[in-house]
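Q: Please take a close look at one part of this model, a single residue and its surroundings, and then set that part against the chain that holds it and against some helix packing elsewhere.

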Amino acid sequence: MKTKMATVNQPHASKDGKGIMMGRKAYTDDLAPADALILKVLRSPHAFAKIKSIDTKNALKIPGVECVLTHKDFKRNAHTRAGQGYPEPSPHDKFPIDEYVRYIGDEVAVVAAIDEKTAIKAIAAITVDYDVFTPVTDFEKAKNNQTLVHPEDGIYEMFPIGFDPKKNLAAGYHMEVADVEKTLKESDVVVEESFYTQAQAHVMLEPHTVNAQIDYNDRLVIHSATQTPFHVRRIISQVLEVPLSKIRVIKPRVGGGFGGKQAIHGEILAAKITLLTGKATKMVYTRKEVFEATYTRHPMRLDLKIGATKDGKITAIDCYGLSDTGAYGEHALTVFMVTGSKVLPLYNKVDAVRFHGDVVYTNRTPAGAYRGYGAIQGNFALESIIDMLAAKLNMDPIKLRQKNMIAEGETSPIFEIMGEGTEGTAMYMETCKLDYCLTRGLKLSQWYHTYPRKVHGDKVRAQGMAIAMQGSGIPYIDMGAATIKLNDDGFYNLMVGATDIGQGSDTILAQIAAEGLKTDLENVAVYSSDSDLTPFDAGAYASSTTYVSGNAVYKAAKEMEKMLLKEAARVLKVDIDAIDFDGETFKSKDDEITLKDLSNQLYYNDEQKQLTATASYVGHKSPPPFMAGIIAIEVDKATGEFEVLDYTSVVDCGVPINPNLAKGQVEGGIVQGLGMAAYELADRTKNGKLIQADLLNYKIPTTMEIKTLTTEFAASYEESGPYGAKSVGEIGIDTPPAALANAIYNAVGVRITSLPITPEKILSAIKEKENMQ
Amino acid sequence: MVTFELNGQIKSFHIDQGEFLIDTLRRHHVVSPRRGCDTTSCGVCTVLIDDQPMPSCALLTARVNDKKVTTVEGIADFAAELSAYFGKEGADQCGFCNPGIALSVYAMAQTEENIDDDTIRHYLVGHLCRCSGYVSQTKAIKAFLEGRK
């Protein structure tokens with residue numbers, strides 16, 4: 001039911017913005033004890049090697065060095081750092097520190113010292129003798145390669161995911177609806193192309209940071225810049241064999257994540273040394289370590305075939321994917337499956353569809369979760385080939401999309417077949433305003449005013465577009481929970497496991513609570529993500545917070561309202577139905593009591609009790625947000641250089657709980673997607689060393705690249721969401737790569753099929769085209 | 001021993017040889033300058049040295065002897081006011097870059113006369129933000145400066 005809302009769908013400022021702007025202590029590094037031992041990791045200089053011997057004697061002699069740990073000091077507990085629901089759909093193929101090093105940056109030893117200078121000195125004093133192997137650096141040659149990235153025993157899958165380390169396979173997948181090859185053969189037109197995407201880095205501004213200490217009750221307390229505090233606790237318990245009951249994980253303010261902090265990184269080492277020494281520890285990754293030794297996006301090659309009738313009905317889509325998970329298989333299967341499951345249903349009217357492929361191990365920095373999570377790779381390929389098909393059909397690419405794309409009330413067999421690591425969930429699109437998003441986007445961008453191009457000498461203006469879908473959490477797997485506590489004076493605490501990593505979830509969840517309790521936002525004090533004090537939540541990933549955690553908050557607020565009415569009815573001596581509650585006062589026909597007085601009575605005077613409502617929610621479906629994205633560019637034909645003039649986004653995310661923060665999610669996603677589309681290089685040497693391993697060389701968009709963004713939301717109300725909302729955290733990132741590739745084609749007639757789309761690639765394609773003519 | 005004016009007060013610090021200003025400040029509980037890159041590329045460690053924005057991660061503490069060092073703690077009212085405009089525009093996200101931005105906006109407001117979008121973009125180019133997409137920040141800063149006229 002749509003009703004006018006007082007707090008939801010209002011552009012409230014973030015609850016925490018002021019303190020953050022004023023530089024108050026908030027982040028993990030700010031909260032570390034002053035006497036914490038500083039941890040530094042000796043990292044592998046080789047892409048693949050086995051440690052023959054390691055000598056730490058000289059390091060230990062340095063005054064101020066507390067300890068040096070190597071693989072010999074850890075029990076060989078295979079685990080996955082992925083930070084997913086349990087049992088994880090990622091192979092357990094990682095040891096805390098191993099005798100093998102599998103990429104440049106892999107852990108060799110960890111030093112704890114009184115300060116950073118001493119720790120660095122100790123790292124330099126460790127001598128290691130390696131047996132160096134030829135690494136697998138080309139992911140297209142990884143499958144069945146002579147070199148095995150994981151030759152060791154003791155690694156395993158939790159359930160069948162296609163894990164076959166003796167073939168360098170971390171995971172594999174195959175699904176087919178009807179007979180794709182036959183349908184393609186019978187199609188009037190078939191287009192075929194291979195697309196390549198790169199290992200984009202997250203570049204959250206706060207590097208990975210953790211501190212650990214033992215509290216006065218002998219419990220291990222970990223502050224971590226994480227997206228998944230409850231998964232962190234579970235994984236530490238498993239790896240270090242410490243009971244869960246002895247571990248408390250607190251997520252302070254986090255300086256961005258984008259998926260890069262879904263997995264655990266330094267937490268195990270900090271926990272181990274704190275448990276060993278009884279002393280506080282702190283580990284802050286250098287930016288080089290963030291680049292080399294955390295995660296990247298999975299680079300992929302996607303081989304697409306698409307068939308259609310002469311009049312533009314898409315008949316079949318066939319996608320073979322090869323994904324590079326690097327040295328460890330975190331998110332190997334699930335990212336790969338999303339490449340199909342959150343992309344292919346965009347064109348749900350096909351007669352046949354196939355999605356299959358391999359996720360291979362290589363000796364490079366592991367890939368992991370990253371905003372978009374496979375969908376951006378799939379979207380680049382599919383939305384590029386749609387424009388290629390339109391060109392071959394001599395048809396307007398907009399009309400081709402409108403004829404074939406998914407619409408409200410429809411479904412796709414893929415929803416039921418493909419989940420994340422498991423089977424999916426059948427669902428119909430109760431809200432899908434994609435058609436509006438597209439039409440409105442064309443109008444806002446004045447598409448047909450420019451289409452296909454406007455030429456002024458060497459300068460060509462053009463636009464390109466793509467449509468996208470994402471999800472709202474992982475149905476039947478990831479749960480969110482919320483507790484609302486009534487305090488004296490009638491204010492509330494909202495305690496959520498949901499993890500605010502800067503996206504503003506504390507604010508929007510408080511808005512949902514305030515709406516449900518008809519109170520002001522200021523009357524709700526939020527605490528998120530303390531494994532001892534807040535209820536469970538899977539964490540900030542898979543576009544789950546608004547929809548899943550938001551539904552939990554909605555239910556908790558309704559539950560609290562019921563409790564309040566019951567107490568007010570008792571005091572006013574009337575039936576619950578006879579009370580009108582406006583958020584401040586309970587009124588019966590003859591009497592009234594304020595929430596303030598009622599709560600004070602409940603604390604101190606009469607039938608004293610604490611009112612606390614806890615609710616949890618697990619999705620029964622994952623209603624996708626949709627969007628249309630249109631980029632306007634100006635290309636210089638002589639140099640291949642281009643400028644982004646504007647990016648128009650029209651998004652259906654149901655009711656945005658906070659239109660300003662939702663816009664921030666979309667625009668931040670667009671610019672991060674533009675980074676992947678146009679600027680962010682992640683090259684490696686033949687030996688597997690990352691060339692752009694600092695922010696001088698790895699270029700993300702700055703204020704100079706981004707001048708205008710035009711962002712709007714479609715009117716939409718998702719019945720199953722809290723106050724009509726769907727999630728919005730990832731959808732923004734999906735369209736820029738394909739939209740840019742299509743814009744370049746519209747401008748200069750060349751098709752770039754590998755990311756990033758650099759001036760060099762554009763210019764050489766122009767030259768090649770000229771030479772062929 | 002190094003002596004400099006920190007947020008309006010003359011302070012003296014014992015420092016190690018080769019110590020960077022960010023470490024001196026953080027060790028003495030001034031935590032708004034944060035470490036983001038180590039290559040002076042990201043802007044989150046920004047401080048004002050004699051009112052000019054500088055990255056404190058590459059500035060030797062010894063170099064600021066007798067100088068005036070300002071962190072966002074020293075322009076608290078200005079930062080609080082700016083944050084209200086960030087709030088109105090929805091420009092707040094993780095906030096790791098915000099104190100540095102506040103200092104550059106402060107320096108810009110002291111230095112420049114006719115501030116337009118290009119001036120703002122120029123002052124913000126050294127402040128990487130991976131969350132916002134920049135446009136909301138630029139709009140918030142513009143509205144803030146208008147509001148101060």
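A: A:K454 belongs to strand β16 (residues 454-456) of chain A, where strands are DSSP runs of E with at least two residues and helices are runs of H or I with at least four, numbered from the N terminus. The model is predicted, so local features need pLDDT of at least 70 and side-chain atom pairs count only at pLDDT 80 or more, while totals for chains, interfaces and linings use all residues. Residues are numbered from 1 along each chain as its sequence is written, chains are lettered from A and ligands numbered from 1 in the order in which they are written, and side-chain values use heavy atoms, with hydrogens and water left out.

With a relative accessible area of 35%, A:K454 is partly exposed, a term for values between buried (under 20%) and exposed (over 50%), computed with a 1.4 Å probe on protein chains only. Once its neighbours within four places in sequence are left aside, A:K454 is in contact with A:H449, A:K459, A:V460 and A:R461, contact being heavy atoms within 4.5 Å. A:E634 lies 180 residues from A:K454 in sequence, yet their C-alpha atoms are 9.3 Å apart in space.

The chain around this residue has 19 helices and 27 strands, and 66% of the 773 residues of chain A count as buried. Among contacts in chain A with a separation of 6 or more, 79% join residues 24 or more positions apart. The C-alpha atoms of chain A fill a box of roughly 90 × 75 × 50 Å along the principal axes. Its radius of gyration of 27 Å agrees with the value near 28 Å for a compact globule of 773 residues (taken over C-alpha atoms; the rule is 2.2 Å times the number of residues to the power 0.38).

In chain B, the axes of helix α2 (residues 76-89) and helix α5 (residues 135-148) come within 8 Å and cross at roughly 125°, the axes being lines fitted to C-alpha atoms over the stretch in contact, with angles from 0 to 180 degrees between N-to-C directions. α2(B) and α5(B) are therefore oblique to each other, that is, outside the ranges for roughly parallel (under 35 degrees), roughly antiparallel (over 145) and roughly perpendicular (65 to 115). The residues of α2(B) that meet α5(B) include B:F78, B:L82 and B:F86, and those of α5(B) include B:A140, B:I141 and B:F144. Helix α4 (residues 117-124) of chain B packs against α5(B) at about 120°, with the axes 10 Å apart, which makes α4(B) oblique to α5(B).
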